[in-house]
Amino acid sequence: MIASLLDFVTRRRLAIAVVTALIAAVGLWSFANLQIDAIPDITGVQVQVNTMVPALAPEEIERLATLPIERAMAGQPGLEETRSLTKTGLSQVTLLYKDGTDQMRARQLVTERLNAVRDQLPPGASPQLAPITTGLGEIYYYTLEWKHAPASMDTKRQLMELYEAQEYTVRPMLRAVTGVADVNTNGGLEQQFVVEPDPRRLTMHGVTAAELAQAVGKNVENAGGGIIARGAERFTVLTNGRVTSATDIGAIPVKFAGGILPLQVRDLADVVIGAAPRQGAATQNGRETVLGTVMMLVGQNSREVALRVQDALPDIQSALPKGMVVHQQYSRADLVDRTISTVEHNLGEGALLVALVLLLVMGNWRAALIVTIVIPLAFLVTVSGMHAIGVSGNLMSLGALDFGLIVDGAIVVVENSLRLLAERRRAKGEDLTPDERRDTVADAARMVARPTMFGIAIIALVYVPVLSLGGVEGKLFQPMAQAVMLAIFAGLVWTFTVVPALSAWLLRAPASEKDDSRHKGLIGLAERGYSPTLERALAHPKLLVIGALVMLAVTFGVFKTLGSQFTPQLDEGSITAMVYRPVGMSLDRSLRLEQETERQIRRQFPQVTHTFSRIGTSEVATDPMPPNENDLYIFYAPEKDWPTGDGKPKTKDELVAGIEKVGRQVYKGQILHDGGKRRAALMVTLNTSDLAGYVAKSRAAVDGQVKLPPGYRIEFGGQFHQLEAAQKRLSIVVPAALVLIFLLVYAALGSVKEAAIVYTGIPFAVTGGVLALWLRGMPFSITAAIGFIALSGIAMLNGLVLVDHINLLRDGRDGDPHTVDDAVREGARDRLRPVLSTALVASIGFVPMAIASGAGAEVQRPLATVVIGGIVTSTLLTLLLLPSLYRWLVRERASDMQADHVDPSS
């Protein structure tokens with residue numbers, strides 16, 4: 001089948017060109033329509049029930065509202081976990097479902113069960129479902145401010161006007177934007193008419209407060225009086241009782257006695273314009289303001305929705321009162337654009353570096369051009385696949401692509417074509433005819449097809465463990481594995497279609513070995529130094545093995561010191577600080593302290609561009625906080641623009657340390673449930689990247705010093721829980737994948753011993769990755785683990801190609817049979833060029849990722865660092881240790897090997 005395919009593509013170049021153009025056109029369309037995001041959406045399916053219960057303590061709300069709702073929700077199909085929060089005035093129950101659960105069906109089930117439990121709730125309690133959004137759904141923040149407030153308007157009135165504009169102008173207009181689930185509000189004052197009864201006057205007139213409230217409540221609305229027909233006309237009768245001012249309320253009759261005029265509200269109470277009690281506030285650059293939060297509908301693209309919201313702001317501004325302005329504070333689109341810019345730079349620079357390295361190592365511009373063409377073609381096919389399966393272009397999917405890895409197979413095919421063309425040209429003594437060139441290229445591609453395909457399959461197979469990850473880690477890393485596997489298979493397809501077709505058309509054999517440009521330049525220098533080095537390695541195989549084992553042992557010791565974390569923190573160009581003030585602090589006091597904090601930050605740190613905060617609980621209680629707590633968002637300029645000088649922060653960590661001036665206390669005025677049981681949470685911010693090491697020390701300290709009552713237990717959650725879950729899953733699927741890889745290598749070589757020799761590339765490749773992390777001061781993370789997975793595939797490919805070529809020489813499939821000694825020496829020298837070329841381009845492709853400093857670069861650096869470091873040791877061991885092991889082990893049982901060896905071509 002491969003032979004027929006190669007014969008077709010080398011002779012039907014026009015047909016291949018037409019098909020390639022069509023596929024590229026589809027790829028360009030897919031690229032133009034590919035959804036772009038910063039990272040994959042890692043949130044699961046959840047439904048949140050918020051129940052406002054006024055005037056009750058948390059313990060009472062827990063007993064009367066939270067527990068009944070939790071019990072009513074139990075047993076739903078797909079329900080995995082139930083969490084709740086109970087605080088003064090609020091019960092919040094969050095239901096987490098299995099991945100794949102239909103969001104709308106889950107909400108329907110929750111609504112049905114709420115209807116059954118409503119009668120059990122306290123009077124006035126009305127459970128409501130939170131908007132159809134996710135934990136990452138807050139994609140846009142804006143503030144409403146007065147640029148020029150009317151001179152007669154005091155601060156209180158300004159805040160009321162801002163709130164009214166938010167509720168009746170801005171919010172309705174933004175909710176109409178496609179992809180917006182809802183708009184939340186923090187801050188401002190909701191205007192109310194306040195009736196303040198005077199106890200003395202109530203007593204004097206014999207009226208109770210309840211009678212006063214009843215009278216007001218019954219006389220503030222319009223009422224219908226039916227229809228009256230008079231002749232040919234009809235009239236609608238209504239009473240105009242709706243009050244519109246404090247004067248109207250004051251004139252409401254309360255009691256009719258013997259006097260001429262009824263007793264009115266103004267006779268019993270003072271009626272003033274006031275504000276409703278509020279649970280939260282907002283600030284911006286130290287000034288009180290109204291903060292709006294746009295929440296994205298589940299399943300929408302954050303960048304597209306944020307841009308739609310941004311486009312709606314001019315119309316909103318024109319609808320606002322004179323002097324009032326709406327200002328963007330944060331847009332997810334900005335983060336996405338900065339992150340994708342980092343990815344674009346890394347991919348572009350990586351592709352350029354790979355092309356330059358190909359020209360240097362191959363020594364033939366035609367050959368380098370043929371291999372380079374695979375890069376854009378494979379990328380377009382990858383994008384088409386991503387668009388088809390619904391994977392967005394983001395930091396984890398596109399950011400993990402290494403063009404050097406994608407062209408490995410093409411390098412092997414082109415290098416072997418150049419070698420075989422040169423040999424046949426010298427054997428013939430004159431230039432080859434076009435038909436001879438086509439046959440030679442087809443033969444060269446066929447010779448390396450089996451090991452290359454097996455090698456590419458192995459590289460793809462090592463990503464299978466990533467596809468098996470579940471939870472947050474699965475949502476985060478599965479798009480990466482899917483994109484890389486698509487790119488690898490796309491590169492494989494082009495390697496045995498477009499590459500042979502172009503090679504048969506463009507490549508020419510040199511007239512003599514002296515004219516062969518492949519033996520010049522960087523690889524030529526390596527070839528001249530490799531032969532004596534290989535001879536020394538073959539002469540002392542045991543010493544080489546001992547040295548490799550010692551390095552492996554040292555690496556194991558180094559790995560134990562690295563520490564571990566789930567993933568590096570994504571730098572969004574801002575700092576989010578959770579501020580905790582003393583329990584019981586009033587909202588007004590907390591607001592004043594927050595305003596002063598922001599002013600001090602702006603004065604002391606000129607690199608801070610703007611700040612805003614949300615204090616307490618928003619109107620839609622998606623993230624309820626007490627009045628003494630707030631989220632403070634601090635945005636800063638790029639570090640290159642920061643002012644310099646003694647004592648001034650030079651890094652983000654120093655800036656954080658400089659602005660961290662508030663104390664932290666645990667708030668005990670709320671009750672948390674997890675799975676129906678009470679939970680007290682202690683949140684810890686680490687000053688170390690060694691998450692696992694911190695937890696191990698903390699567990700030891702707690703076990704030794706804390707004695708818990710019966711029924712109590714301590715759990716470590718957050719990122720550590722995600723790290724544990726990922727490690728547990730990988731500890732099962734990675735060994736299974738390694739066994740499957742060994743079986744593939746055995747199937748390719750037909751010998752357990754030869755498969756074991758190739759397999760030594762994995763542990764010795766890991767040594768370089770570990771040492772590279774250690775040298776750069778990076779902890780082990782799941783991102784680094786993905787790098788080790790990719791590295792093992794690269795090591796297998798190079799080892800497989802080398803051993804297969806040695807077997808080819810021994811079996812005489814490319815001429816006369818060779819002895820083991822001759823096959824090892826000649827095979828190693830023949831494969832030096834493709835092994836070095838694939839290693840160089842694969843590592844060079846990751847260099848921009850390893851040294852990048854843009855948004856999202858901190859997530860990519862561990863992966864790139866591991867691959868680059870591992871390729872260095874893997875290549876050295878492939879070229880020196882692997883031939884030595886082959887010669888040493890085969891020599892010990894030469895007769896057995898000759899008798900038992902299975903010809904892979906059979």
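Q: How many salt bridges does a search of the whole structure find?
A: The search finds 29. A salt bridge here is a side-chain nitrogen of Lys or Arg within 4 Å of a carboxyl oxygen of Asp or Glu.

Q: What kind of model is this, and what confidence limits apply?
A: It is a predicted model: local features need pLDDT of at least 70, side-chain atom pairs count only at pLDDT 80 or more, and totals for chains, interfaces and linings use all residues. Residues are numbered from 1 along each chain as its sequence is written, and side-chain values use heavy atoms, leaving out hydrogens and water.

Q: OK, which side chain meets R157 in a salt bridge?
A: E161 does, at 2.8 Å from N to O. R157 and E161 are four residues apart in helix 5 (residues 155–175), so about one helical turn separates them. Helices are DSSP runs of H or I with at least four residues, strands are runs of E with at least two, and both are numbered from the N terminus.

Q: How accessible is R157?
A: R157 has 25% relative accessibility and counts as partly exposed. The cut-offs: buried is under 20% relative accessible area, exposed is over 50%, and partly exposed is in between, with a 1.4 Å probe and protein chains only.

Q: What about R810, which residue does its side chain meet?
A: E754, in a salt bridge of 4.0 Å, N to O. This pair links distant parts of the chain: R810 is in helix 27, E754 is in helix 25 (residues 752–759), and they are 56 residues apart.

Q: Is R810 buried or exposed?
A: R810 is buried, with a relative accessible area of 7%. E754 is buried too, at 0%.

Q: Which residues are joined into one network by salt bridges that share partners?
A: D7, R11, D435, R438 and D439.

Q: Back to helix 27. At what angle does it pack with helix 24?
A: Helix 24 (residues 719–749) and helix 27 (residues 782–811) pack at about 10 degrees, and their axes are 12 Å apart. Axes are lines fitted to C-alpha atoms, for helices over the stretch in contact, and angles run from 0 to 180 degrees between N-to-C directions. Helix 24 and helix 27 are therefore roughly parallel to each other. In angle terms, under 35 degrees is roughly parallel, over 145 roughly antiparallel, 65 to 115 roughly perpendicular, and the rest oblique.

Q: Which residues of helix 24 and helix 27 make the contact?
A: Helix 24 gives L723, A726, L730, I741, V745, A748 and L749; helix 27 gives I782, M796, L800, V803, D804 and N807. Contact means heavy atoms within 4.5 Å. By class, the residues are eleven nonpolar, one polar and one charged. Nonpolar covers Ala, Val, Leu, Ile, Met, Phe, Trp, Tyr, Cys and Pro; charged covers Asp, Glu, Lys and Arg; the others, Gly among them, are polar.

Q: Switching to sheets. What is the strand order in the open sheet of five strands?
A: The order is 14-13-18-19-17, with antiparallel pairing. Strand 14 (287–288) and strand 17 (574–580) are at the edges, each with a single partner strand, so one side of each has no neighbour in the sheet. Two strands pair if DSSP finds at least two bridges between them.

Q: How many bridges pair strand 18 with strand 19?
A: Seven, in the antiparallel sense, between strand 18 (residues 608–616) and strand 19 (residues 629–636). R614 stands opposite D631 in strand 19.

Q: Which strands does helix 21 touch where it packs on the sheet?
A: Helix 21 (residues 587–604) touches strand 13 (280–284), strand 14, strand 17, strand 18 and strand 19. The helix 21 direction makes about 170 degrees with that of strand 18. Helix 22 (residues 652–659) lies across strand 17, strand 18 and strand 19, at about 25 degrees to strand 17.

Q: Where is N285?
A: N285 is in the loop between strand 13 and strand 14. N285 has a positive phi of about 55 degrees although it is not a glycine. Most residues other than glycine have a negative phi. N285 counts as buried, at 19% relative accessibility.

Q: Last one. Which residues does P500 touch?
A: L6, V9, T10, V441, W494 and T495, not counting residues up to four places away in sequence. P500 is in helix 18 (residues 498–506) and is buried, with a relative accessible area of 0%.
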